[in-house]
Amino acid sequence: QTDFGNKKDVIISGTISNYEIGKSPQTIEIIRRDFFDLNEKHVEKIYVDGTFRFKYPIAYAQESYLKYGSLVSIICIPGDSLHILIDNKILEDENAQEYLKFSDTETGKTNRLMIKFNAELPNDNYIYDKANQAERNLTPEEFTNYIKNRENEYYTFLNTFQKENQTTEIFDNWVNDKLKYESWQDLMRYRWTHPHYNKMDRDSFNLPKNYFSFLNDYNMNDNGLFSIAHAGFLHEFSMYSNQNPRDTLKKAIETYQTQGYEKASDILKSMIEINTNGFTKELFFTKYYVNILKGQELKIFEAVYDSNYTTQNYFLSTIKKEHQKLKDYLSNQNTANANLSDIKSSIVTGIIDSIAQKYRDKVIYIDFWAPWCSPCMNEIPYSKEIQENFKGNDVIFLFLANRCKEDSWKATIANKKLTGEHILLTDDQFNVLAGLLDITGIPHYTLIDRKGNIVLKDAPRPSDKDKLITEINRQMNK
């Protein structure tokens, strides 16, 4: 069982042998995924002598990814230190077992065992490559048997591995957690991946009543060591209802539209209460509140939050931290670095003509985005590079935000130091443009020439730098 006491620092240091300045990567990363789907990335500089050092607080033992060339799973423990020796040759053939060495401690031994187990596990691609084919092609009964056979194969290998190696208690906890929850995660995913891959209506995809019988073995008070697979299962399970989760969500949306968010929140809360108990129930309520905060919905959070749904100090402190972070974020409304304007709300038809008239004789690159859209935000650094590339030219970078609140819009522009031209669309304006430009999701990009003609409804995104620069230059030179 995990002790959710105060967070303690974990220190991870190391040296990269054969490190080549100017040729080898200059940074190394550790990527973590916590209870609440808050992926956290720690990036540290690699010094000229090949050394690096991480120090950050964690509340429980957890599997993380170490990234230097490739991703490698490691275990980090609160209050512990881990030293790693990495041979730079890992960049060439990614053989972690050969090129990754750990300090001679209990944690170091556990990590050596993890690396060896993952390297020697039979049919490793069986999990990732063939699983996608199985999700697409197999019936529910066939897929269940596929997962059972895979799990049996892995446990057979594990029994042999434990006999041949002096394993640690932490390793045994991790590997059993991984194998069990990896199976359950994939079984949960099938309910939406199968109809997705086969272009089926998810509402019409009915699973046999006994399909989810494996959940009878799930201990809702399991708060032990968390593998990455365990976190993945919790994510899937949090979106699942024993009856009709999509019907429940539809009802919540309808209630929100007619009676407001507090009543809709009661419906979603009841879904959590019906399907969970104990530790899992407290966790899912915390995830629910954290997700509202991640969506930058401060007023909604403050209207529906109830601290009585959890007794875990770790969960309560996480909510408090995210709440304060959002308040601080939204308080920054300094948009001096960007040009904010609007399209008159009465203009619904002819929006493109209005934009072309506003930026006459300019090439216009339109970015449809929203503060809550992670892929949108991931493109921002690339967009800044493109803008710098065309600085001083007759090119307008126009950001059309949609389906977000004005305070969230301005705060994101301020905190992310966004440049360019910015307009916050009304829902009607976005709906008109979505129909005109075949927008099915964001981010979405559109290119307009100097005469106001739409030349690319679906233009290259900023991260596709070479293609985008070529297209903009083509319009500039006409």
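Helices and strands, as I shall use the words, are DSSP runs numbered from the N terminus, a helix having at least four residues and a strand at least two. In those terms, Lys 391 sits in the loop that joins helix H14 (374-389) to strand E11 (395-401). Please bear in mind that the model is predicted.

Let me stay with this loop residue for a moment. Is Lys 391 buried or exposed? Its relative accessible area is 62%, and the cut-off for exposed is over 50%, so Lys 391 counts as exposed. Between the C-alpha atoms of Lys 391 and Met 476 there are 13 Å, although the two residues are 85 apart along the chain.

I turn now to helix H7, which covers residues 228-238. Eight of its eleven residues are buried, and the helix is therefore largely enclosed by the rest of the structure. The buried residues of H7 are Ala 229, His 230, Ala 231, Gly 232, Phe 233, Leu 234, Glu 236 and Phe 237.

Helix H7 also leads us to the cavity. The count gives one cavity of 30 Å³ or more, and the largest cavity holds about 70 Å³ of space. Which elements each supply at least two residues of its lining? They are strand E5 (62-68) and H7. The lining of the largest cavity comprises Arg 33, Asp 34, Phe 35, Tyr 60, Gln 62, Glu 63, Phe 226, Ser 227, Ile 228 and Ala 231. By character, five of these lining residues are nonpolar, two are polar and three are charged.

Ala 231 thus appears twice in this account: among the buried residues of H7, and in the lining of the largest cavity.

Notes: Residues are numbered from 1 along each chain as its sequence is written. This is a predicted model: local features need pLDDT of at least 70, side-chain atom pairs count only at pLDDT 80 or more; totals for chains, interfaces and linings use all residues. Side-chain values use heavy atoms; hydrogens and water are left out. Buried means under 20% relative accessible area, exposed over 50%, partly exposed in between (1.4 Å probe, protein chains only). On a 1 Å grid over the protein atoms alone, a cavity is a set of points where a 1.4 Å probe fits but cannot get out, and a pocket is an open set with protein on both sides within 12 Å along at least five of seven lines; lining residues have an atom within 4 Å of a point. Grid points are joined across faces, edges and corners, and a volume is the space filled by probe spheres set on the points. Ala, Val, Leu, Ile, Met, Phe, Trp, Tyr, Cys and Pro count as nonpolar, Asp, Glu, Lys and Arg as charged, and the others, Gly among them, as polar.
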